[in-house]
Every structure is written in structure tokens, then in C-alpha cells.
Amino acid sequence: MIDLRSDTVTTPDESMRTAAADAAVGDDVYEEDPTVAELERRAADLVGFEDALFVPSGTMGNQIAVRVHTERGQEVLIEEESHVYKWELGGLAQHAQVQTRTIDGGERGIPSPDAIRAGYVAEDLHRPGTGLLTLENSHNSKGGIAIAPERIDAAAKTAHDLDVPGHLDGARLFNAATAHDVPAERLTREVDSVMFCLSKGLGAPVGSMLAGSESFVAEARRVRKLFGGGMRQAGIIAAPGLEALANRHRLDEDHEHARLLAEGLAAVEGLAVQEPETNIVLAETSGLGLSAAAFCGALEERGVLVSEFGETTVRFCTHLDIDREGIEQAVDAVETVAATVEEQ
Ligand SMILES: *Cc1c(COP(=O)(O)O)cnc(C)c1O
């Protein structure tokens, strides 16, 4: 099977398994796990923050961040196609007891300064006040768009002028950094916290990092415990995470594969393909007369797995375990599906 559903499907390589087996460990709830401490140090440095926290998932990292930044009842300014809003079970309402105010991020999935100012609510007797702005880079629902550093800066600065902190969901932060050829810390310069996933393009089996100031991370550590995310000898899973950080240097290979894939798909009549900026390729299947579900089903029969991403939109995601040959096979399979539809 060629599995292009997500970059989460990678399995740990030999170096990660060895690192896990050999990891020095301790009780991380007591902050005695040296491997977790090392991972947190390295992660904080990479994104230019004072400190970082190892969390079981990206979702938990985002949810902790919202909880720490806000007070109960406040509003969170949130881009309407963002993961935190769309794909985390409305967790903000449950875990942070905040109200979301969705704002349009336009084609690039990044709210303009005007949109942020328009969405801001000042606290008074009748209004709860805005407690946080959340942003996302790369933008998953928009097709892995890599938002430029200046636009992230502008959004976060606008929020700061209103006394509102900014959190960046950087599940695929290193993909965005690779696309812009900047260090990851350039993308986080103006935000107050960032979450990035070790378990996606970087290829670790488990875990994400949440970074911010020392005081932010100290509070995040308490909230992680509250959410049931305090882990004991977590060095076993932090060690592959440390190995995974090195994979940030090879993400351009995944991006190259995505470009190749998009070229191949674009040549298939009836398929409308969005030009990729990172490792995600979105394609529209309506021109083939197929729903996304039917397209995915037909492709699966030919040994290729992709994700339904809307009624007639599918997502292909390249990653560590997909080589050039896999991309060529995927394109062949799509050509066969399209040809079969035409015959019918
Ligand atoms: C995957 C993803 C998350 C959540 O990460 P999990 O580890 O799956 O919980 C958050 N934000 C974005 C943009 C993602 O793609």
C-alpha cells in the first residue's frame, strides 16, 4: 500500500527504536527524566522560546495553550478553517470555557490586521473581551499553505497592540520554515507560544512540543497534569523525538515529491489540482464525476490510500516513508481510476 493519507502514518526507523531502547529515563512528573528535559531544551531553542513542554499530541498542546492564555468566558479570535476550531471537538469550549469568534483568513488562511481589529472585543459590563488570537502554519485545510513570516508577524503584532496574546498552531511548522527557507524561529518571532508536532513530517511515533516563556510553560505543565497528560518514564518516547528533529533537514524532499505528484495529477483530465507549497496536495474530483469517497475507494483498490477532505476534495500527503517510486505509482493509479471512469 502507498499510504498518502497523512504524514502521521510514518513508523519509527531503526535509529528511533534504538534511541528508545537506550534512553536514560526518570519520572517526568517529578521532572526527573533527562531525555525529556533534553528534548524540551532542544525544542525551545529551535523555536526561539525560553522553555518547552513535551505533550502527548498536538491537540493537547493547542488545548493547553488556549487554557493557559485565556480566562473563562473570554473570546478567542480564531481563523475559521483552522485545526483548533474545526478538528478538536470544540475543545476550547470544554477545556478553556471560552467562546470562539471565527474570522476569515482569506485565501491564505491568515487573518489580516483589519480582520483582527474588526473581530476584537473590548471587555466591559456586557462583553467578555478577547483573550487570544490563534494562527496556523502551515495551513492544513488550505492545502498545506506556508504562510510568510511577515504575515504571521503582522497578525501577532496587531493582536499585541490590542493587548491580546497570539498562539501559533505549527503542527507542520518545519514544513512552513522549509518552504520559506527560514529557520523555524523566524516564524514564531512575534507569537507568544507555538505548538509543533514531532509525529508528523518529522516522523516520531508520538508527541508534540508546546513552547513559550518560562512562566507560560510552568503553567502549561500544571494544565497538562490537569488534562491527564503528565507522563512518567517518557524518555522512552522523547528519545525518538530527539532523533526526529534531525528530519527537519529533509522535508524539502517531501515537498519535491508533492510537486512531482501535483504535476502528475494535474495532467489527469477532470482533476483540478492545487499547486502545493509544502507536503500536501489537494485535488478536486468533481470534474471526474466522482465524489471524494468514490475516488478514495477506487484508488484504494489500486493500492493507494488518500484522505477525503470534503465532498469532492481529496488530500494527498507526502512523508518520510514515501519515495519517488511511490509517487510515480500513485500517479499511475490515479490515471487508471480516471481512465476507468471515462469508459463507463
Ligand atoms: C495534526 C494537527 C494537529 C493535531 O495534532 P495531533 O497530534 O494529531 O493531535 C493540530 N493542528 C494541525 C494544523 C494539525 O495538522
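## The ligand and its surroundings

In this predicted model, an N or O atom in the side chain of K200 lies 2.7 Å from an oxygen atom of the ligand. With the ligand in place, the protein covers 84% of the 370 Å² of accessible area that the ligand has on its own.

K200 belongs to a group of 14 residues around the ligand, of which G58, T59, D169, R172 and K200 come nearest. G58 takes part through its backbone: one of its backbone N or O atoms is 2.8 Å from an oxygen atom of the ligand. H83 instead presents a polar side-chain atom, placed 3.4 Å from a nitrogen atom of the ligand.

## Overall form

The secondary structure of the protein consists of 14 helices and 13 strands. Its radius of gyration is 21 Å, close to the 20 Å that the globule rule gives for 344 residues, and the protein is therefore as compact as a globular protein of that length. Taken along the principal axes, the box filled by the C-alpha atoms is roughly 65 × 55 × 35 Å.

## The seven-stranded sheet

Seven strands form an open sheet in the order β2-β8-β7-β6-β5-β3-β4, and their pairing is mixed. The edges are held by β2 (51-55) and β4 (99-103); each has a single partner strand, so one side of each is left without a neighbour in the sheet. From one strand to the next, the twist averages 20°.

Within this sheet, β5 (residues 130-136) and β6 (residues 166-169) run parallel and are paired over four bridges. One residue pair can be named here: E136 has D169 in β6 as its bridge partner. Helix α3 (residues 58-69) packs on the sheet and touches β2, β3 (75-79), β5, β6, β7 (193-197) and β8 (208-212). The direction of α3 makes about 170° with that of β7.

Two residues link this region to the ligand. D169, the partner of E136, is among the residues that come nearest to the ligand. G58, where the span of helix α3 begins, is the residue whose backbone atom lies 2.8 Å from a ligand oxygen.

## The four-stranded sheet

A further open sheet has four strands, ordered β9-β10-β13-β12 and paired in the antiparallel sense. Here β9 (272-273) and β12 (307-308) stand at the edges with a single partner strand each, so one side of each is left without a neighbour in the sheet.

The edge strand β12 is joined to β13 (residues 313-317) by two bridges, and the two strands run antiparallel. In this pairing, E308 stands opposite V314 in β13. Helix α13 (residues 292-301) packs on the sheet, where it touches β12 and β13, and its direction makes about 40° with that of β13.

## Backbone features in two loops

Most residues other than glycine have a negative phi, and most peptide bonds are trans. Two places in the model depart from these patterns. The peptide bond that joins N137 and S138 is cis, with omega about -5°. S138 lies in the loop between β5 and α7 (149-161).

The other place is E31, a residue other than glycine whose phi is positive, near 60°. E31 is found in the loop between α1 (14-22) and α2 (34-47).

Note on methods: Residues are numbered from 1 along each chain as its sequence is written. This is a predicted model: local features need pLDDT of at least 70, side-chain atom pairs count only at pLDDT 80 or more; totals for chains, interfaces and linings use all residues. Side-chain values use heavy atoms; hydrogens and water are left out. Two strands pair if DSSP finds at least two bridges between them. Contact means heavy atoms within 4.5 Å. Axes are lines fitted to C-alpha atoms, for helices over the stretch in contact, and angles run from 0 to 180 degrees between N-to-C directions. A residue is near a molecule or strand if one of its heavy atoms lies within 4 Å of it. A polar contact is a pair of N or O atoms within 3.5 Å; within protein, one must be able to donate a hydrogen and the other to accept it, and residues adjacent in sequence count only if both atoms are side-chain atoms. Accessible areas come from the Shrake-Rupley method with a 1.4 Å probe; for residues, only the protein chains shown count as cover. The radius of gyration is taken over C-alpha atoms; the globule rule is 2.2 Å times the number of residues to the power 0.38.
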